[in-house]
Amino acid sequence: MAVLIEPEKILKDLRNLWIDLGRDADVPGGILRACGMTLVVVTDTGADMEELRHLLGVLMHNHPARAIVLRLDGKSGLNAGVFSQCWMPFGKHRQIGAEGVEITAGVTELTHVAQLLLPLIVSDLPAVLWCRGPRVFLDDAFAPLLPLVQKIIVDSTTVSDPYAAVAAVRDLRKQGRLVADLSWTKLTGLRELIASLFDEGTAAGIQSARIFYGGDAPTVSGIYFHAWMERALPGARVTLEHRGEGTRSLRSIVLSGDCEVTLTRPDKSTMEVHCGGRMRRSRMLLLSEEILMSEELSILGPDPVFDKVLA
């Protein structure tokens, strides 16, 4: 039988945590308790918890929150503990602290977990669910968690079937959920580069756009990019085509119009633009999980462009 955990005890433990931190603080200004949202993070079995704790600590600097980490262990039973993340802003003499709750549970306890989370979510502040792992947003067992939050962030990068991942994200959107996918967030730099080609006239009179990918299937980002290009070029023929073996990745983009423009990515940090016998290089920011999550946590409202891509 699963052991029930009372939310009142967790809240009491959080209060005692701050009392202990305030008493033990060794800086003159003490510790300022900061919270701008509730961030619920669901991780799958086998997640590196040390890596996740470090990532949350970095995110807290710009997005202080009450973090609730739900770790699935594949077993029945519930366990919970509290933790804090404190840091000293540069040039300041007072620490800032954010708080967290770590819950371990099996999938069969998710209905009870949802009941447990409800009083732990900070009232009158945004609540975000970060599905850190492919199973978390593909499995209907996690449905009880969805009504608790205003925004759902998924990462479809590691899903084996990219079309199933896109279908799952679309289904969440059809349910009326505000959903973001880090696979879409990764496209920001590339979309800005394409838009700049349109603005400067380099990609004028486009009649067709061919998007080439390697591997056995396109990435989820590639599927999103194809849908975005179809809407950006309503009069052009836009295709997503296979070219080359190896890992799944975007290989090149060919825009045919007044001048044929070819975009290739020789490495992760560079995009080469070829047009009319000339070539120029554009730097592409290497997007870590921290950068992607920070961008999504900065925009808690709807993304109308992504909504159109999912339509």
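**Close-up views of a predicted model**

**View 1. Ile211 lies in strand β9.** The structure shown is a predicted model. Ile211 has 0% relative accessibility and therefore counts as buried. Not counting residues up to four places away in sequence, Ile211 touches Phe225, His226, Met229, Val238, Thr239, Leu240, Glu241, Leu250 and Ser252. One of these contacts, Val238, is 27 residues from Ile211 in sequence, and the two C-alpha atoms are 7.7 Å apart.

**View 2. Six strands form an open sheet with mixed pairing.** The strand order is β10-β9-β11-β12-β13-β14. Strands β10 (237-242) and β14 (278-283) are the edges, each pairing on one side only. From one strand to the next, the twist averages 20°. Helix α8 (residues 220-232) packs on this sheet and touches β9 (208-214), β10 and β11. The direction of α8 makes about 165° with that of β10. Within the sheet, β11 (residues 249-256) and β12 (residues 261-267) are antiparallel and are paired over four bridges. Ile253 has Leu263 in β12 as its bridge partner.

**View 3. Met279 belongs to strand β14.** This strand is one of the two edge strands of the open sheet. The relative accessible area of Met279 is 37%, so the residue is classed as partly exposed. Leaving aside residues up to four places away in sequence, Met279 touches Glu272, Val273 and His274. Thr262 is 17 residues from Met279 in sequence, with 9.4 Å between the C-alpha atoms.

**View 4. Strand β6 (residues 127-132) is mostly covered.** Six of its six residues are buried. In a regular strand, side chains alternate between the two faces of the sheet. Ala127, Leu129 and Cys131 point one way from β6, while Val128, Trp130 and Arg132 point the other way. The residues of both sets are buried. Strand β2 (residues 38-43) runs parallel to β6 and is joined to it by six bridges. In this pair, Leu39 stands opposite Val128. Strand β7 (residues 151-154) also pairs with β6 in the parallel sense, over four bridges. Here Leu129 of β6 stands opposite Ile152 of β7.

**View 5. Helix α7 spans residues 188-200.** The helix has 13 residues and reaches 18 Å from its first C-alpha to its last, close to the 18 Å expected at 1.5 Å a residue. An α-helix has 3.6 residues a turn, so residues three or four places apart point the same way. The buried residues of α7 are Thr188, Leu190, Arg191, Leu193, Ile194 and Leu197. Just after the helix, Gly201 has a positive phi of about 90°.

**View 6. Helices α5 (residues 162-174) and α8 cross at roughly 60°.** Two packed helices are described by the angle between their axes and the distance between the axes. The axes of α5 and α8 come within 9 Å. At the crossing angle of roughly 60°, α5 is therefore oblique to α8. The crossing is right-handed. On the α5 side, the contacts involve Pro162, Tyr163, Ala165, Val166 and Val169. These residues meet Val220, Ile223 and Tyr224 of α8. Helix α8 is also the helix that packs on the open sheet, where it touches β9, β10 and β11.

Note on methods. Residues numbered from 1 in each chain as written. Predicted model: local features only at pLDDT ≥ 70, side-chain atom pairs only at ≥ 80, totals over all residues. Heavy atoms only, no water. Pairing = 2+ DSSP bridges. Axes fitted to C-alpha atoms, helices over the stretch in contact; angles between N-to-C directions. Contact = heavy atoms within 4.5 Å. Buried < 20%, exposed > 50% of the residue type's maximum accessible area, 1.4 Å probe, protein only. Expected span 1.5 Å × (residues − 1). Parallel < 35°, antiparallel > 145°, perpendicular 65-115°, else oblique. Left-handed = near helix turned anticlockwise from the far one by under 90°.
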